[in-house]
Amino acid sequence: MKAWRVVSLGRRVLSKLALCMMGFIAMLKMGSTVAMAVSMIISILVYAMAFGLKFAVGFVILLLLHEWGHLVASKVVGLPVSRPIFVPFLGAVIRIKKLPINAKMEANVAIGGPAMGTLSALLCLVLYLWTDSLLMLVLSYTACLLNLFNLIPCDPLDGGRIAVAVTHRLWWLGSLIIGILFLQTYSFFLFIFFLFSLYRTWKNVDIKENLSYYQLTMKQRLAVGWWYFGLVIVLGITTLYIGSIFHGQ
């Protein structure tokens, strides 16, 4: 019965996703800044209907900061990218106009988002401790969960693009985590993520076809690993701390 509900939900989601994609394509034809602004406003309106205006504004700002982290990282390594476009309940995306030269450069760009997201989570937590605002606490917790999920080491998440610069074997762990999350939630999107990540992990498509792209020195791999596991630890500890606050209230 649960499996049938997943299929039924998947059909409805796909129809809505098709409409979102048509809107997404239309936005790409606008100017980059205009498309970003319009997609932000639409996202705020959609999230406001589900969670209230204050949370919606805060959540979209969190998404903006995450994507801005990617933009800054892209600029540092010299990759031109588009402004982010926001898609309700799917997050936001940026378009890389020039491909990175190796997995280290790709990982650096991918790290930028969760790094900025971690800073935004800590900032919201500090504002909560200063003002006792429940909204700031909820936003901090949301930012932690959002960026922890994004750091799961599987494609198409940031974690997958970071982890492969450490070792592609982390993709197996990512597929396992996504599979467990699907069994806990029966989310159609997680099911799609699981199938895609399992295929990429099993076939190692890009690695076999572009071996030189993934050949990095041990120093490079350790540098990426330090950032990756450091962010996971900071976000994990912060999530547990905020959880203890919620349980204490």
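Is Cys154 buried or exposed? Select Cys154 to begin: its relative accessible area is 1%, so the residue is buried. Keep in mind throughout that this is a predicted model.

**The whole chain**

Show the chain as a cartoon. Along the sequence the elements run α-α-α-β-β-α-α-α-α-α-α-α, that is, 10 helices and 2 strands. Of the 249 residues in the chain, 43% are buried. Take the contacts between residues at least 6 apart in sequence: 66% of them join residues at least 24 apart.

**Confidence**

Now colour by pLDDT. The average for the chain is 83, and 84% of the residues score at least 70. Helix H1, residues 2-28, has the lowest confidence, with a mean of 46, while H5 has the highest, at 95. Select residues 1-11, where pLDDT stays under 50 and the model has 6 contacts beyond four places in sequence. Then select residues 24-28, another run under 50, with 9 such contacts.

**Helix H3 and the glycine after it**

Go to helix H3, residues 53-77. How far apart are the end C-alpha atoms of H3? They are 36 Å apart, and this agrees with the expected span because 25 residues at 1.5 Å a residue should also give 36 Å. Step on to Gly78, which follows H3 and has a positive phi, near 85°.

**Gly113 in helix H4**

Select Gly113, a residue of helix H4. Gly113 has 0% relative accessibility and therefore counts as buried. Display the residues around it. Apart from neighbours within four places in sequence, Gly113 is in contact with His66, Gly69, His70 and Asn147. Add Leu71 to the selection: its C-alpha atom is 8.3 Å from that of Gly113, although the two residues are 42 apart along the chain.

**The nonpolar cores**

Next, show the side chains of Phe86, Ile162 and Val224. These residues have the most contacts inside the largest nonpolar core, a set of 43 residues. Two or more residues come from each of helix H2 (32-51), helix H3, H4, H5, helix H6 (158-163), H7 and helix H10 (218-248). Which element gives the most to this core? The answer is H4, with 9 residues.

Centre the view on Val224. Beyond residues up to four places away in sequence, Val224 touches Lys104, Ala107, Ile111, Ile162, Ala165 and Val166. A second core, separate from the first, has 6 residues, among them Leu157, Ile178, Phe182 and Leu190.

**Thr238 and the cysteines**

Move along helix H10 to Thr238. With 8% relative accessibility, Thr238 counts as buried. Its contacts, leaving aside neighbours within four places in sequence, are Leu122, Leu125 and Cys144.

Select Cys124 together with Cys144. Why is there no bond from the sulfur of Cys124 to that of Cys144? Cys144 holds the closest cysteine sulfur, but at 9.1 Å the sulfur is too far away for a bond. A disulfide requires sulfur atoms within 2.5 Å, and the count for this model is 0 disulfides. Cys124 itself counts as buried, with 8% relative accessibility.

**Two residues with positive phi**

Most residues other than glycine have a negative phi. Select Asp132, where phi is positive, near 65°. Asp132 sits in the loop between helix H4 (103-131) and helix H5 (134-150). Its relative accessibility is 58%, so Asp132 counts as exposed.

Then select Tyr186, whose phi is also positive, near 55°. The place to look is the loop between helix H7 (170-185) and helix H8 (188-203). Tyr186 is partly exposed, at a relative accessible area of 30%.

**The annotated spans**

Finish with the record. An unreviewed UniProt entry lists residues 13-32, 44-65, 108-128, 172-196 and 226-246 as "transmembrane region". Select residues 172-196: this span is 92% helix and 0% strand, and its end C-alpha atoms are 12 Å apart. The loop with Tyr186, between H7 and H8, is the one visited above. Now select residues 226-246, which are 100% helix and 0% strand, with end C-alpha atoms 30 Å apart.

Methods. Residues are numbered from 1 along each chain as its sequence is written. This is a predicted model: local features need pLDDT of at least 70, side-chain atom pairs count only at pLDDT 80 or more; totals for chains, interfaces and linings use all residues. Side-chain values use heavy atoms; hydrogens and water are left out. Helices (H or I, at least four residues) and strands (E, at least two) are DSSP runs, numbered from the N terminus. Buried means under 20% relative accessible area, exposed over 50%, partly exposed in between (1.4 Å probe, protein chains only). pLDDT is the predictor's confidence in each residue, from 0 to 100. Contact means heavy atoms within 4.5 Å. UniProt positions are given in the numbering used here, feature names are shortened, and annotations may be inferred rather than shown by experiment. A nonpolar core is a set of buried Ala, Val, Leu, Ile, Met, Phe, Trp, Tyr and Cys residues joined through side-chain atoms within 4.5 Å. The expected span of a helix is 1.5 Å times one less than its number of residues.
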